[in-house]
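Student: I would like to go through this model with you, beginning with the ligand and its surroundings. Could we take the points one by one?

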Amino acid sequence: MIDKKIEIKYKEYDTINDLSNLDFNLIKLTHENLGNSYSPYSQFKVSSLILLEDNIKVLGTNQENAAYPSGLCAERVAVFSAKSTHPNKKIEKVIIVTEQGHEFPFSPCGSCRQALMEYELNQKSPIEVILKSGNSKIWVFESIKDLLPFAFEAEDILKKE
Ligand code: THU
């Protein structure tokens, strides 16, 4: 038996003023979009922005439904819309902002990590993830891999001998 460990890297910023101008503006745009969240059941507003190459920005918010499982998280609304309208553009960043927050930001759910991982593996370049919740600190992950270690990779099932 061997005890093994993995390390996950991320950056923490105290305020948005410590970020680059680009990231500051992306968070601002994502935050301004929170009002478009349709979340009458949870009252938990989430907004997401996908930055594609060529500076294309696609926004999404969580969309709920009286039949609860029919709703969808903001990140998946945003990324599915981005890839539906610009299928050949690489994803550079995903910003996820929630209205409520504490000291540290909320993390995306497992299904959203998996959905984002599909595109990261496919495009063969990392997707940066930026998280901010209310007045929380900001967390920046260089790659979806840091949020979803040991991910399921389709390459393994597609391999033919
Ligand atoms: N939600 C998101 O939009 N993204 C996540 O990663 C986690 C949760 C939404 C789903 C639901 O509308 C509300 O937040 C409460 O779970």
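Student: In which pocket does the ligand sit?

Tutor: The model is a predicted one, and that should be kept in mind for everything that follows. Within this model, the place where the ligand sits is the largest pocket.

Student: Which residues are around the ligand, and how many of the shell are charged?

Tutor: The residues around the ligand are S42, F44, V46, N62, E64, C73, A74, E75, P108 and C109. Sorted by class, this shell has 6 nonpolar and 2 polar residues, and the number of charged ones is 2.

Student: What distance separates a polar side-chain atom of E75 from an oxygen atom of the ligand?

Tutor: Backbone atoms also approach ligand oxygen: a polar backbone atom of A74 is 2.9 Å from an oxygen atom of the ligand, and a backbone N or O atom of C109 lies 3.0 Å from one. Taken alone, the ligand exposes 370 Å², of which the protein buries 73%. For the polar side-chain atom of E75, the distance to a ligand oxygen is 2.5 Å.

Student: With which side chain does the side chain of K137 make a polar contact?

Tutor: K137 is found in the loop between β5 (128-133) and β6 (138-141). Leaving aside residues up to four places away in sequence, K137 touches several residues, including E12, Y13, E103 and F104. The polar contact of its side chain, at 3.1 Å, is with the side chain of D14.

Note on methods
Residues are numbered from 1 along each chain as its sequence is written. This is a predicted model: local features need pLDDT of at least 70, side-chain atom pairs count only at pLDDT 80 or more; totals for chains, interfaces and linings use all residues. Side-chain values use heavy atoms; hydrogens and water are left out. A residue is near a molecule or strand if one of its heavy atoms lies within 4 Å of it. A polar contact is a pair of N or O atoms within 3.5 Å; within protein, one must be able to donate a hydrogen and the other to accept it, and residues adjacent in sequence count only if both atoms are side-chain atoms. Accessible areas come from the Shrake-Rupley method with a 1.4 Å probe; for residues, only the protein chains shown count as cover. On a 1 Å grid over the protein atoms alone, a cavity is a set of points where a 1.4 Å probe fits but cannot get out, and a pocket is an open set with protein on both sides within 12 Å along at least five of seven lines; lining residues have an atom within 4 Å of a point. A molecule sits in a cavity or pocket if more than half of its atoms lie within 2 Å of its grid points. Ala, Val, Leu, Ile, Met, Phe, Trp, Tyr, Cys and Pro count as nonpolar, Asp, Glu, Lys and Arg as charged, and the others, Gly among them, as polar. Helices (H or I, at least four residues) and strands (E, at least two) are DSSP runs, numbered from the N terminus. Contact means heavy atoms within 4.5 Å.
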